[in-house]
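Biologist: Please take a close look at a single part of this model, the contact between two domains. Then set out the rest in one connected answer.

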Amino acid sequence: MRQRSMILPCYAADTAGVCSALYELGGMCAVHDASGINSTYATHDEPRWYDSRSMIYITALTETDAILGDDEKMVDDVCRAAADQHPAFIALCGSPMPMMIGTDYDAAAEEIERRTGIPAMAMHTNSMGSYLAGESEALLKLTKRFVQPAEKRQNTVNLIGATPLDLELRETVPDIRGWLESAGFRAGACMAMGDTLTHIAETAAAASVSLVLSYGGLAAAAYLYETYGIPYVTGVPVGARFPDVLAAALRRAAETGEPQFPSAVRTAGDTVVIGESVTAGSVAAECGGRMLCPLDTVPALVGTGDSTVFRESEIRAVLADMQPQRVIADPLYRYVIPAGAEHIEIPHFAFSGRCFQHRMRSLICKPL
Amino acid sequence: MSGFVSPPCIPIAEADAAGFFASGLEYDAPVRGKWNIVHMGMLVPECHQIYLCAQGCLRGVALTAAEMNALDRLSWIAITEDDIIDGSLESDIHEGVRDILLEMPEKPRAVLIFVSCMHLFSGVDFGAMVELLRADFPEIGFIDCYMAPTMRKSLPPVVWLNMQMYGLLRACPQNPHAVSLIGCDRATDPASELHKVLRSGGITLHDITLCKTYDEFQQIAESGLFLSYLPAGFRAAEETAKRLGAKHLHLPASFDAEEIAENYRRLCDALGIVCPDLSAERSAAESALRTARAEIGEMAVAIDYSAVTQPFSLAKCLCEAGFRVKYIIADAAGEDADAFRWLSENRSDILLYSPTNINMLHMADAPHEPVLAIGQKAAYYFSTAHFVNTVSNGGHYGYEGIRAMAEQMLFAYRTEQDTRRLVSQKGFGCESCLAG
């Protein structure tokens with residue numbers, strides 16, 4: 001039994017991560033599911049759903065389809081939809097039932113691409129992983145499939161791992177672009193808010209550095225590093241002090257060609273920050289203290305004294321052990337904050353969804 | 001919209017009542033008023049809901065509860081690939097639920113345990129696990145529930161949950177003067193003549209939506225007659241009545257005055273009471289329609305299936321009253337197939353739109369004539385602020401239902417509403433942290 005919760009909700013799932021990462025790029029995402037996974041995504045995980053359109057659909061899997069393993073219906077339906085709507089690419093995502101019946105997404109994507117002539121990518125989600133796993137696979141495959149070699153542009157920084165699941169929707173990416181310019185950089189491709197597939201494809205390989213804004217962007221940034229020699233830096237320029245630290249890390253990465261992980265550098269403090277490892281790590285680096293990451297991460301994003309537990313009981317135990325004076329976390333963590341600790345609430349869309357959306361603000365270069 | 005094909009619509013005269021549109025990929029419009037299983041389950045007083053499913057499904061149920069400010073009434077256990085591979089899917093039901101209950105400082109009176117499509121396809125013996133829990137916690141009522149949308153064609157989740165919820169009722173001595181209304185998500189308007197009919201016969205009405213305690217909920221079991229009027233409650237009422245040795249009567253929520261009269265005649269026959277004179281209620285409904293028609297005039301009316309359970313019956317009623325019903329959003333005709341046929345023959349220019357076809361994606365952005373919408377999906381797709389904000393009849397029934405609809409249409413005609421805010425809230429009528 002992996003995880004049991006008395007009262008805390010759970011984070012957005014892998015399928016939501018795929019859809020969120022690809023939302024603005026003109027592709028079609030077909031979620032192979034009966035109904036619930038996509039309606040959960042559209043309702044709770046996607047703040048753009050009402051105002052902007054994206055070709056994200058379910059296959060409307062039925063009991064009969066599942067019993068018969070009728071993948072042909074799914075392939076045919078996707079091809080018919082693509083003929084109607086002409087997406088730039090097609091992404092197939094999974095859910096629990098297709099996993100149970102062994103749906104071969106790679107074969108289905110290959111067949112769809114053969115029939116339609118539209119690039120098709122299989123995403124191996126089953127709604128059992130976190131949004132970061134889905135986002136990671138989507139951005140990595142997008143990068144591998146579309147990014148083209150390009151002439152280098154000095155001081156240009158890619159933004160990788162930007163989705164509204166982690167970043168406030170309206171102001172954060174523009175604020176990051178503004179911060180980059182004020183620090184002497186130019187913003188390059190952004191994966192994937194406020195950018196286009198064409199711009200990403202043509203410019204991502206030209207950057208001098210990639211700024212990884214969430215764990216979900218790490219794999220794509222690592223690919224660009226391995227393939228095009230573009231080093232990456234992890235961090236979100238939150239707070240008053242950390243943006244300077246991050247800018248220095250970007251310059252160091254550009255000079256040395258080596259990845260930098262300033263979001264994982266810790267200083268002593270009595271604050272615990274709960275959340276996604278790059279954002280929460282950046283907040284912890286700004287405030288002084290430790291991070292508790294209940295999500296996918298890697299050791300390079302985890303600092304000294306940090307914790308990476310994800311069960312509710314473990315989170316309670318770790319917090320009790322850490323004895324923080326302050327806990328910076330989503331408001332719905334209120335149920336596990338130790339007595340006597342101050343809870344500083346910063347809503348995280350991937351956790352509490354729409355509940356506190358009205359309170360979400362850009363944290364870029366602003367005192368916390 | 002340039003670059004996209006037109007939204008799918010067909011004239012009603014060309015439609016097959018059993019299904020209007022071909023199946024395919026589906027679009028999910030950002031309209032959230034329909035109740036889901038979490039909302040329905042919360043109707044059982046003093047109960048706790050526990051879900052065992054994949055994270056993607058848990059996310060939806062947990063945040064439904066969070067938006068209702070009711071996270072403390074729901075717990076969950078995430079299913080992983082390991083659970084499927086190592087065979088613990090079944091034992092996790094017993095052990096996981098037991099551990100959650102042991103941690104609770106105050107035990108609930110009842111627990112609704114929801115398993116998923118994965119459990120059903122794995123052949124898990126859910127019943128045996130529930131029996132173990134009953135042995136562990138004899139003071140708690142347990143019921144097996146299902147979040148299995150893959151099965152929606154044979155048993156939609158809300159229909160299934162309705163059937164299971166009333167399985168908590170324990171048999172007790174029957175009261176021939178008690179009637180229960182089953183399957184409603186809100187109380188029937190006290191102004192409805194349904195109450196008048198029951199009062200005239202000295203009948204007590206039980207309804208889960210009125211129960212404040214688990215003991216009150218248990219009183220439903222004393223009923224000699226179980227009524228349903230929404231399709232989602234039909235099977236629950238039928239099976240509960242059968243199990244408890246009572247009668248069941250389904251009185252469809254029609255907008256046809258003659259069918260309404262027939263419903264009350266059947267009800268009074270079943271109860272052995274004299275039907276009171278309802279001519280004043282019928283006249284009031286007809287008068288309300290005339291008043292609304294006089295002011296609304298020729299404005300196009302769009303109706304969607306989520307607003308009322310019989311959209312074609314409502315359309316026929318409105319057409320007969322002189323309204324210009326022009327659009328209906330639905331996939332098929334159900335209880336109101338006769339009204340559908342009448343419209344096909346007499347209003348053949350009405351256009352049917354799919355609620356979910358992918359080519360509805362840009363429907364809300366397309367230019368529309370001014371439309372008075374009935375239902376949230378109609379309001380969204382036709383991009384209008386003039387709409388009747390209601391879901392599943394909104395607690396209105398009978399002649400009063402017609403009168404209320406006419407009054408709501410008049411309000412919608414006169415008043416611009418915040419469509420986005422209203423249709424975004426989950427579970428129409430439920431507490432919502434988004435309401436402020």
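Modeller: The domain contact comes first, then the other chain. This is a predicted model: local features need pLDDT of at least 70 and side-chain atom pairs count only at pLDDT 80 or more, while totals for chains, interfaces and linings use all residues. Residues are numbered from 1 along each chain as its sequence is written, and chains are lettered from A and ligands numbered from 1 in the order in which they are written.

Chain A is assigned domain 1 (14–129), domain 2 (145–262) and domain 3 (264–359). Such bounds come from an automatic or database domain assignment. The C-alpha centres of domain 1 and domain 2 of chain A lie 28 Å apart. Domain 1 of chain A puts 14 residues into their contact, and domain 2 of chain A puts in 10. Contact means C-beta atoms, placed from the backbone, within 7 Å. On the domain 1 side, helix H1 (residues 14–22) of chain A gives the most, with 5 residues. Helices are DSSP runs of H or I, at least four residues, and strands are runs of E, at least two, numbered from the N terminus. That side of domain 1 of chain A holds 8 nonpolar, 3 polar and 3 charged residues. Ala, Val, Leu, Ile, Met, Phe, Trp, Tyr, Cys and Pro count as nonpolar, Asp, Glu, Lys and Arg as charged, and the others, Gly among them, as polar.

Now chain B. Its secondary structure comprises 17 helices and 14 strands. Along the principal axes, the C-alpha atoms of chain B fill a box of roughly 65 × 60 × 40 Å. Of the contacts in chain B with a separation of 6 or more, 75% join residues 24 or more positions apart.

How values were computed. Contact = placed C-beta atoms within 7 Å.
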